[in-house]
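Open the model in your viewer and get ready to click through it one selection at a time. Each stop says what to select and what you'll find there.

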Amino acid sequence: MTKIERLFPIFGIAFALCYMPVLYFNWALATYQPKAGIWQWGVAPGLNGGPPMYWYGFVFSSALGALIVTAIAALIPEKAMARIPWPNLTWFLPLCAMIFFAYILTPYFTK
């Protein structure tokens, strides 16, 4: 496997782990206003009575965080990286993220 191929699982894990606090604390890098058809930086309220879409901002924020983590992981020597069980973490940590999302979304289903 090349070094780039070894970084894909790290990016996937980091994206799932970054997405949790980004969603929970509403750290969107951008807001899309579908009714007005414009993009705004950061979290912005809805314009012209339309609902804002934060999901794109959540994805941008999580991708940026995952890219930073992946860039740092690229600097770690291969011998140290070989000791970490990446195949197991690749499915386990995103599963933990899904359980976290189910937990924070329970008020929407229990009210």
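Start by selecting helix 4 and colouring Trp86, Leu93, Ala97, Phe101 and Ile104: these residues are buried. Here buried means under 20% relative accessible area, exposed means over 50%, and partly exposed is anything in between, using a 1.4 Å probe and protein chains only. Helices (H or I, at least four residues) and strands (E, at least two) are DSSP runs, numbered from the N terminus.

Look down the axis of helix 4: the buried residues sit on the same side of the helix, because they cover an arc of only 85 degrees around the axis. That arc is taken from the directions that run from the helix axis to the C-beta atoms.

Before going further, a word on what you're looking at: this is a predicted model, so local features need pLDDT of at least 70 and side-chain atom pairs count only at pLDDT 80 or more, while totals for chains, interfaces and linings use all residues. Residues are numbered from 1 along each chain as its sequence is written, and side-chain values use heavy atoms, with hydrogens and water left out.

**Still on helix 4**

Now spin to the other side of helix 4, where Pro87, Trp91, Met98, Ile99 and Tyr103 are exposed. Next, check the length of helix 4, residues 86-104: its 19 residues should span 27 Å at 1.5 Å a residue, and the end C-alpha atoms are indeed 27 Å apart. The expected span is 1.5 Å times one less than the number of residues.

What covers the buried residues of helix 4? Show helix 1 (3-24), helix 3 (78-82) and helix 5 (106-110), which are among the elements that do so.

Zoom in on Trp86, which belongs to helix 4. Leaving out residues up to four places away in sequence, Trp86 touches Ile10, Ile13 and Met81; contact here means heavy atoms within 4.5 Å. Draw a C-alpha to C-alpha distance from Trp86 to Ile13 and you get 9.1 Å, although the two are 73 residues apart in sequence.

**Helix 1 and its partners**

Keep helix 4 on screen and add helix 1: their axes come within 9 Å and cross at roughly 15 degrees. Helix 1 therefore counts as roughly parallel to helix 4. The axes are lines fitted to C-alpha atoms, for helices over the stretch in contact, and angles run from 0 to 180 degrees between N-to-C directions. Angles under 35 degrees count as roughly parallel, over 145 as roughly antiparallel, 65 to 115 as roughly perpendicular and the rest as oblique.

Helix 1 passes helix 4 in a left-handed crossing. A crossing is left-handed if the near helix is turned anticlockwise from the far one by less than a right angle, and right-handed if clockwise. To see the contact itself, show side chains including Pro9, Ile13 and Leu17 of helix 1, and Leu89, Pro94 and Phe100 of helix 4.

Now select the buried residues of helix 1: Leu7, Ile10, Ile13, Ala14, Ala16, Cys18, Tyr19, Met20 and Val22. They pack against helix 2, helix 3 and helix 4.

Helix 2, residues 55-74, is the next thing to show, with its axis 7 Å from that of helix 1 at an angle of about 135 degrees. Helix 1 and helix 2 are therefore oblique to each other, and the crossing this time is right-handed. Inside helix 2, pick out Gly57, Phe58, Ser61, Ser62, Gly65, Ala66, Thr70 and Ala73, which are buried. The buried residues of helix 2 pack against helix 1, strand 1 (30-33) and helix 3.

**Loops and a strand**

Click on Asn26, in the loop between helix 1 and strand 1. Its phi is near 60 degrees, a positive value in a residue other than glycine. Asn26 is partly exposed, with a relative accessible area of 32%.

Then jump to Asn48, in the loop between strand 2 (38-41) and helix 2. Asn48 also isn't a glycine, yet has a positive phi of about 55 degrees. With a relative accessible area of 61%, Asn48 is exposed.

Last stop: Trp41, in strand 2. Is Trp41 buried or exposed? At 79% relative accessibility, Trp41 counts as exposed. Neighbours within four places in sequence aside, Trp41 is in contact with Leu29 and Ala30. The C-alpha atoms of Trp41 and Leu29 are separated by 6.0 Å, with the two residues twelve apart along the chain.
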